[in-house]
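Open the model in your viewer and keep the selection panel at hand. The tour goes from one helix pair to the next, then into a pocket and out to a loop.

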Amino acid sequence: MDARFNMLDNEMAVKFFKRFANASLVIQQSPLPKSTQELVSLRASQINGCGWCIDMHTKEAAAEGESAVRLNLVAAWRESTVFTEAEQAALALAEEGTRLADAHQGVSDETWAQVRKHYDDDQIAALVSLVALINAANRLAVIVHQRGGSYEPGMFAAALS
């Protein structure tokens, strides 16, 4: 399956992409740990079946020093011993915030309480924004059939330059 549309070859799409990318910079520069950002992005992308984003976030996390064991266990984080309680709270928020149609209440009070326990207000703002942004990115890539496999670490940052 080839990509249906190249978002970087269209003037209107490029304008949107630049603004979208600038929003991601706010999150990247936030006090939310970079490793948590990548784990959350990876988990939401797995749920949404976004090969491009799975490829990107796996490679970016590995380039930042994330272990292969942790990356391989993100999809089964509940059955793993390699994630901190704070990371587990973030991953639960990512799942519940991504699977809104699967739960009548969205993010559970229990998950929200765990997030509040482990993160301050600025980190929570970044985490909530990240879940929203990665879900939007997944949808953009899935709609146009942007496939995974060709991403190289740093490509996203280079595209912002």
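Select helix 6, residues 109–118, together with helix 7 in this predicted model. The two helices cross in a right-handed sense. Their axes come within 8 Å and cross at roughly 135°. With 145 degrees as the limit that must be exceeded for roughly antiparallel, helix 6 and helix 7 are therefore oblique to each other.

Now show side chains at this crossing. From helix 6, pick Trp112, Val115, Arg116 and His118. They meet Asp121, Gln123, Ile124, Leu127 and Val128 of helix 7. Colour by class: the contact of helix 6 with helix 7 shows 5 nonpolar, 2 polar and 2 charged residues.

**Next stop: helix 5 on helix 7**

Keep helix 7 (residues 121–143) and add helix 5 (residues 85–98). Here the axes come within 10 Å, and the crossing angle is roughly 50°. Helix 5 and helix 7 are therefore oblique to each other. The crossing of this pair is right-handed. On the helix 5 side, select Ala90, Leu93, Ala94, Gly97 and Thr98. On the helix 7 side, select Leu127, Val128, Val131, Asn135 and Arg139. This contact of helix 5 with helix 7 holds 6 nonpolar, 3 polar and 1 charged residue.

Pause on Leu127 and Val128. Both take part in the contact with helix 5, and both also meet helix 6.

**Next stop: helix 1 on helix 7**

Hide helix 5 and helix 6, and bring up helix 1. How far apart are the axes of helix 1 and helix 7? They are 10 Å apart, and the helices pack at an angle of about 150°. That makes helix 1 roughly antiparallel to helix 7. Helix 1 passes helix 7 in a left-handed crossing.

Select Phe16, Phe20, Ala23, Ser24 and Ile27 in helix 1. Opposite them in the contact are Ala126, Ser129, Leu130, Leu133, Ala136, Ala137 and Leu140 of helix 7. The contact of helix 1 with helix 7 has 10 nonpolar and 2 polar residues, and no charged ones.

**Next stop: the largest pocket**

Stay with Ala137, one of the helix 7 residues that helix 1 meets. Ala137 is also among the residues nearest the centre of the largest pocket. Add Phe17, Trp52, Met56 and Phe156, which complete that central set. The pocket holds about 890 Å³ of space, and 35 residues line it.

Which helices each supply at least two residues of the lining? Select helix 1 (11–28), helix 2 (34–48), helix 3 (51–63), helix 7 and helix 8 (155–160). Helix 1 gives the largest share, 7 residues. Colour the lining by class: 23 residues are nonpolar, 8 polar and 4 charged.

**Last stop: a loop**

Follow the chain into the loop between helix 7 and helix 8, and select His145 there. Most residues other than glycine have a negative phi. His145 is not a glycine, yet its phi is positive, about 60°.

How values were computed:
Residues numbered from 1 in each chain as written. Predicted model: local features only at pLDDT ≥ 70, side-chain atom pairs only at ≥ 80, totals over all residues. Heavy atoms only, no water. Axes fitted to C-alpha atoms, helices over the stretch in contact; angles between N-to-C directions. Helix = DSSP H or I, 4+ residues; strand = E, 2+ residues; numbered from the N terminus. Parallel < 35°, antiparallel > 145°, perpendicular 65-115°, else oblique. Left-handed = near helix turned anticlockwise from the far one by under 90°. Contact = heavy atoms within 4.5 Å. Nonpolar A, V, L, I, M, F, W, Y, C, P; charged D, E, K, R; others polar. 1 Å grid on protein atoms, 1.4 Å probe; cavity = no way out; pocket = protein on both sides within 12 Å on 5 of 7 lines; lining within 4 Å. Points joined across faces, edges and corners; volume = space filled by probe spheres on them.
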